[in-house]
Amino acid sequence: MSDTAAITTDEVKQRIRELLADLFGSDRFVSDVPDTVSLREAGLPSTALVSLLVAMEDAFGFEWDDDVEPEVLRSIESPAGHVVALRG
């Protein structure tokens, strides 16, 4: 993804799903987990969430703020919207 090109929420959600598949070694999140379902309820352990956050920083070229609201990290859709807003 280019830093100068606009990025869509759907593109970010797809990339998050790819990152989750890499973390889990399977495509369970790509095929089974709806965008709005809590990642914790879908079985993502807290250690994997931390790994996802680091992977997102690398993939999208930003750093999470220390004061990010927990709701931003809830589901695939939530951080996707956050990334799009940051990159907007």
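A nonpolar core here means a set of buried Ala, Val, Leu, Ile, Met, Phe, Trp, Tyr and Cys residues joined through side-chain atoms within 4.5 Å. Keep that in mind for the first stop, and remember that you're looking at a predicted model.

**Stop 1: the core**

Select Ile 16, Leu 20, Leu 39, Leu 52, Met 56 and Phe 60 and show their side chains. These have the most contacts inside the largest nonpolar core, which has 23 residues. Now color by helix: α1, α3 and α4 are the elements that give two or more residues to this core. Which of them gives the largest share? That's α3, with six residues. As a bit of background, nonpolar side chains tend to be buried together in soluble globular proteins.

**Stop 2: Leu 19 and Ala 59**

Stay on helix α1 and pick Leu 19. Leu 19 counts as buried because its relative accessible area is 7%, and the cut-off for buried is under 20%. Add Ala 59 and draw a C-alpha to C-alpha distance: you should get 8.8 Å, for two residues 40 apart in sequence.

**Stop 3: the salt-bridge network**

Next, select Asp 10, Lys 13, Arg 17 and Asp 35, and show them as sticks. Salt bridges link these four in a network; the structure as a whole holds five salt bridges.

Start with Lys 13 and Asp 10. Their side chains meet in a salt bridge, 3.5 Å from N to O. Both sit in helix α1 (residues 9–24), three residues apart, so about one helical turn separates them. Are these two buried or exposed? Lys 13 is buried, at 11% relative accessibility, while Asp 10 is exposed, at 56%.

Now swing over to Asp 35. Its side chain meets that of Lys 13 in another salt bridge, at 3.0 Å, N to O. Lys 13 is in helix α1 and Asp 35 is in the loop between α2 (28–31) and α3, so this pair ties together parts that are 22 residues apart in sequence. Asp 35 itself is partly exposed, with 21% relative accessibility.

Then add the contact from Arg 17 to Asp 35, a salt bridge of 2.5 Å, N to O. This pair, too, links distant parts of the chain: Arg 17 belongs to helix α1 and Asp 35 to the α2–α3 loop, 18 residues apart. At 8% relative accessibility, Arg 17 is buried.

**Stop 4: Ser 38**

Follow the loop between α2 and α3 to Ser 38. Ser 38 counts as buried because its relative accessibility is 6%, against a limit of under 20%. Where does the chain come by later on? Pick Leu 73: its C-alpha is 8.8 Å from that of Ser 38, though the two are 35 residues apart along the chain.

**Stop 5: the acidic patch**

Finally, turn on the surface and select Asp 65, Asp 66, Asp 67, Glu 69 and Glu 71. Together they form a negative surface patch. To get your bearings, zoom in on Asp 66, in the loop between α3 (46–60) and α4 (77–87). Is Asp 66 buried or exposed? Exposed: its relative accessibility is 85%, and the exposed class starts over 50%.

Conventions:
Residues are numbered from 1 along each chain as its sequence is written. This is a predicted model: local features need pLDDT of at least 70, side-chain atom pairs count only at pLDDT 80 or more; totals for chains, interfaces and linings use all residues. Side-chain values use heavy atoms; hydrogens and water are left out. Patches are made of residues with over 30% relative accessible area and no salt bridge: like charges are joined within 9 Å, nonpolar side chains (Val, Leu, Ile, Met, Phe, Trp, Tyr) within 5 Å. Accessible areas come from the Shrake-Rupley method with a 1.4 Å probe; for residues, only the protein chains shown count as cover. Lys and Arg count as positive and Asp and Glu as negative; His and the chain ends are not counted. The place of a charge is taken as NZ of Lys, CZ of Arg, CG of Asp or CD of Glu. Helices (H or I, at least four residues) and strands (E, at least two) are DSSP runs, numbered from the N terminus. Buried means under 20% relative accessible area, exposed over 50%, partly exposed in between (1.4 Å probe, protein chains only).
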